[in-house]
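Colleague: Please take a close look at one part of this model for me, a loop and the strand leading into it. After that, tell me about the rest of the chain.

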Amino acid sequence: MDFSRLIEWLIFGAILLYAIYSMIAIKEEKQAYVDNAKEFELKNFLFFLPSWWTNTTESYDRDQSTQAVFERTDTRYDWRADFEWFESNDEIKDKSLEEIIVNKLENLKLIFDPEESVIDVPSSFQNFIPFLEGRIDLIHIEGTATEDVSERVYFDCYLIKDNINDAYLFAKSRSSILNGAVEGPYFEEVLRTFEFLHQ
């Protein structure tokens with residue numbers, strides 16, 4: 001066996017070992033999320049967050065704040081999640097959820113790839129009790145997009161209307177294209193399992 005062939009096999013073996021390690025780490029991270037989820041309150045929403053998400057909001061008071069930012073400070077992932085709560089007002093009271101979310105995305109200077117993204121109600125919410133009871137309405141969009149004309153990003157966001165309190169939650173997850181699949185499933189699970197503090 002010549003030396004170059006040996007190097008090729010060593011590189012292949014290293015890649016294979018890294019892939020196996022990554023699969024084990026991801027599996028353990030999923031179980032860690034279930035076992036160690038931490039509660040986070042934003043107005044009347046209660047979320048169950050992965051323990052590795054760090055609240056990087058400059059100042060946060062559950063009763064006063066209307067926005068919270070989370071990032072992974074244990075890695076160099078280009079990822080963050082923003083949760084923004086706001087009440088209905090004259091400007092949006094007659095607008096549909098789709099009109100409101102499109103306006104939010106325009107303000108963020110985001111243009112989604114049309115073939116990659118759809119605005120809809122995720123199937124995972126079809127059996128969500130608050131949705132079935134008419135407590136909330138929601139809309140979701142996810143996919144690759146161009147931000148501020150030049151930067152390519154992976155973006156996932158939800159607009160949830162609290163019909164009882166006439167208020168909204170705009171939750172968004174933004175990452176580089178390569179990191180889109182890393183925190184995305186956890187972000188979706190956080191949004192799929194929230195509870196209300198006030199009925």
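Modeller: First, the vocabulary: helices (H or I, at least four residues) and strands (E, at least two) are DSSP runs, numbered from the N terminus. With that in hand, I'd pick D148, which sits in the loop between β7 and β8 (151-162). Before going further, note that this is a predicted model, where local features need pLDDT of at least 70, side-chain atom pairs count only at pLDDT 80 or more, and totals for chains, interfaces and linings use all residues. Residues are numbered from 1 along each chain as its sequence is written, and side-chain values use heavy atoms, with hydrogens and water left out.

Back to D148: its phi is near 55 degrees, a positive value in a residue other than glycine. D148 is partly exposed because its relative accessibility is 45%; buried means under 20% relative accessible area and exposed over 50%, with partly exposed in between (1.4 Å probe, protein chains only).

The strand leading into that loop is β7, residues 136-147, and H140 lies in it. H140 has a relative accessible area of 7%, so it counts as buried. Its side chain makes a polar contact with the side chain of D156, at 2.7 Å. Such a contact is a pair of N or O atoms within 3.5 Å; within protein, one must be able to donate a hydrogen and the other to accept it, and residues adjacent in sequence count only if both atoms are side-chain atoms. If you leave out residues up to four places away in sequence, H140 touches V118, I119, D120, P122, D156, C157 and Y158, with contact meaning heavy atoms within 4.5 Å.

Now for a counterpart to D148. K43 isn't a glycine either, and it has a positive phi of about 55 degrees. K43 is in the loop between β1 (38-42) and β2 (45-49), but it counts as buried because its relative accessibility is 19%.

Further along, F86 belongs to strand β5, residues 79-87. At 14% relative accessibility, F86 is buried too. Setting aside neighbours within four places in sequence, F86 is in contact with I92, I100, K104, L159, A167, Y168 and F170. F86 and L169 are 83 residues apart in sequence, yet 6.5 Å apart in space, C-alpha to C-alpha.

Stepping back, the chain has 4 helices and 10 strands, running α-β-β-β-β-β-α-β-α-β-β-β-α-β from the N terminus on. Of its 199 residues, 40% are buried. Among contacts between residues at least 6 apart in sequence, 54% join residues at least 24 apart.

Two helices deserve a word. Helix α4 (residues 180-192) has 13 residues and reaches 18 Å from first C-alpha to last, close to the 18 Å expected at 1.5 Å a residue; the expected span is 1.5 Å times one less than the number of residues. Its buried residues include E183, Y186, F187 and V190. An α-helix has 3.6 residues a turn, so residues three or four places apart point the same way.

Helix α1 covers residues 3-36 and holds I15, which is exposed because its relative accessible area is 56%. F3, L6, I7, L10, I11 and I15 make a nonpolar surface patch of about 600 Å². Overall, the chain exposes about 11,800 Å², with carbon and sulfur atoms supplying 53%.

Notes
Accessible areas come from the Shrake-Rupley method with a 1.4 Å probe; for residues, only the protein chains shown count as cover. Patches are made of residues with over 30% relative accessible area and no salt bridge: like charges are joined within 9 Å, nonpolar side chains (Val, Leu, Ile, Met, Phe, Trp, Tyr) within 5 Å. A salt bridge is a side-chain nitrogen of Lys or Arg within 4 Å of a carboxyl oxygen of Asp or Glu.
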